[in-house]
Amino acid sequence: MSEPADSQADLTSGLTELAALLLSVEDAEEALRHLARMAVVVIPDGPTCGITVRRHGRCTTMVHAGFIPASVHEVQYAIGQGPCLEALHTGALVVAQDLAAEHRWGDFPRQALAAGAHGACAFPLEADGQVVGALNLYAHKPGLFPEPVQRIAAQFAEPAS
């Protein structure tokens, strides 16, 4: 019988393989849509998931799944700052456990809260050694992105890249 840690490792390994399979058999946008929907179901407490890509120097939301509106991405693009843009520009994981207490990103926290997002977690997406996008998670209440949840969520960023 497996230990809980083994079950967790099996789960994340299986999800990574499934996501990679989706990417190999479908067009990229449809595969990413499936990946975002799967992230909402599998990641604890069902965060909203969006995937931002940079094309021709502009950021756009390629796919979105969950109940927090995609406008949380659009706000970031309009004001030029926010967690997904920071992950895209720095190539580093960006976590905001409580947007009500956040002082980064200008007016983004206030507008995100108004849309129902209380936390954010953004993973940079790399292809050919360059950051090309971000996998963005938004929580419906504060504190939903502790380290164990970040490890599960990271399993979706690699195949999304």
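This is a short walk through one predicted model, from the overall layout to a few residues in detail.

Let me start with the chain as a whole. There are 161 residues, and buried residues make up 43% of them. The chain has 6 helices and 5 strands. From the N terminus on, the order is α-α-β-β-α-α-β-α-β-β-α. Take the contacts between residues at least 6 apart in sequence: 57% of these join residues at least 24 apart. The exposed surface comes to about 7,900 Å², and carbon and sulfur atoms supply 53% of that.

Next, the nonpolar cores. In soluble globular proteins, nonpolar side chains tend to be buried together. Here the largest nonpolar core has 27 residues. Which of them touch the most other members? They are Leu-35, Ile-43, Ile-51, Leu-135 and Leu-137. At least two residues of this core come from each of α2 (28-42), β1, β2, β4 (119-127), β5 (130-139) and α6. Apart from this core lies another, of 18 residues, with Val-75, Tyr-77, Phe-108 and Ala-120 among them.

Leu-135 is worth a look on your screens. Leaving aside neighbours within four places in sequence, Leu-135 is in contact with Leu-35, Cys-49, Gly-50 and Ile-51, among others. Its contacts also include Cys-121, Ala-122, Phe-123 and Leu-125, and further along the chain Phe-156, Ala-157 and Ala-160.

Two of those last names bring us to helix α6. Phe-156 and Ala-157 are among the buried residues of α6, together with Val-149, Gln-150, Ile-152, Ala-153, Pro-159 and Ala-160. As a check on geometry, α6 covers residues 147-160, which is 14 residues, and at 1.5 Å a residue it should span 20 Å. The end C-alpha atoms are 20 Å apart, so the model agrees with the expected span.

Now to helix α3, residues 71-79. Its buried residues are Val-72, His-73, Val-75, Gln-76 and Tyr-77. What covers them includes β1, β2, α4, α5 (108-114) and β5. Just after α3, Gly-80 has a positive phi of about 75°.

Two residues of α3, His-73 and Tyr-77, come up again when we turn to the threonines on β1 and β2. Thr-52 is in strand β1, residues 48-55. Is Thr-52 buried or exposed? It counts as buried, because its relative accessibility is 0%. The side chain of Thr-52 has a polar contact of 2.9 Å with the side chain of Tyr-77. Beyond four places in sequence, the contacts of Thr-52 include Cys-59, Thr-60 and Thr-61, His-73 and Tyr-77, Cys-84 and Leu-88, and Val-132 through Ala-134. Asn-136 is also in contact with Thr-52.

Thr-61 sits in strand β2, residues 58-65. Its relative accessible area is 18%, and the cut-off for buried is under 20%, so Thr-61 is buried. Thr-61 makes two side-chain polar contacts that I want to point out. One is with the side chain of Tyr-77, at 2.8 Å. The other is with the side chain of His-73, at 3.5 Å. Not counting residues up to four places away, Thr-61 touches Ile-51, Thr-52, His-73, Glu-74 and Tyr-77. Tyr-77 therefore has side-chain polar contacts with Thr-61 as well as Thr-52, and Thr-52 is buried at 0% relative accessibility.

On to helix α4, residues 83-90. Pro-83, Cys-84, Leu-85, Ala-87 and Leu-88 are buried there. After α4 comes Gly-91, again with a positive phi, near 75°.

Also in α4 is Glu-86. With a relative accessible area of 26%, Glu-86 is partly exposed. Its C-alpha atom is separated by 9.8 Å from that of Gln-76, which is 10 residues away along the chain. Leaving aside neighbours within four places, Glu-86 is in contact with Gly-91, Val-94, Arg-104 and Trp-105. The side chains of Glu-86 and Trp-105 are joined by a polar contact of 2.7 Å.

Trp-105 leads to the last item, the aromatic rings. How many aromatic pairs are there? The count comes to 1. Trp-105 and Phe-108 form it, edge-to-face, with 6.2 Å between centres and 80° between the planes. Trp-105 is buried, at 6% relative accessibility. Phe-108 is buried too, at 0%, and belongs to the core of 18 residues.

That is what I have; questions are welcome.

Methods: Residues are numbered from 1 along each chain as its sequence is written. This is a predicted model: local features need pLDDT of at least 70, side-chain atom pairs count only at pLDDT 80 or more; totals for chains, interfaces and linings use all residues. Side-chain values use heavy atoms; hydrogens and water are left out. Rings of Phe, Tyr and Trp (its six-membered ring) pair if their centres lie within 6.5 Å; planes under 30 degrees apart count as stacked, over 60 as edge-to-face and the rest as tilted. Buried means under 20% relative accessible area, exposed over 50%, partly exposed in between (1.4 Å probe, protein chains only). Helices (H or I, at least four residues) and strands (E, at least two) are DSSP runs, numbered from the N terminus. A polar contact is a pair of N or O atoms within 3.5 Å; within protein, one must be able to donate a hydrogen and the other to accept it, and residues adjacent in sequence count only if both atoms are side-chain atoms. Contact means heavy atoms within 4.5 Å. The expected span of a helix is 1.5 Å times one less than its number of residues. Accessible areas come from the Shrake-Rupley method with a 1.4 Å probe; for residues, only the protein chains shown count as cover. A nonpolar core is a set of buried Ala, Val, Leu, Ile, Met, Phe, Trp, Tyr and Cys residues joined through side-chain atoms within 4.5 Å.
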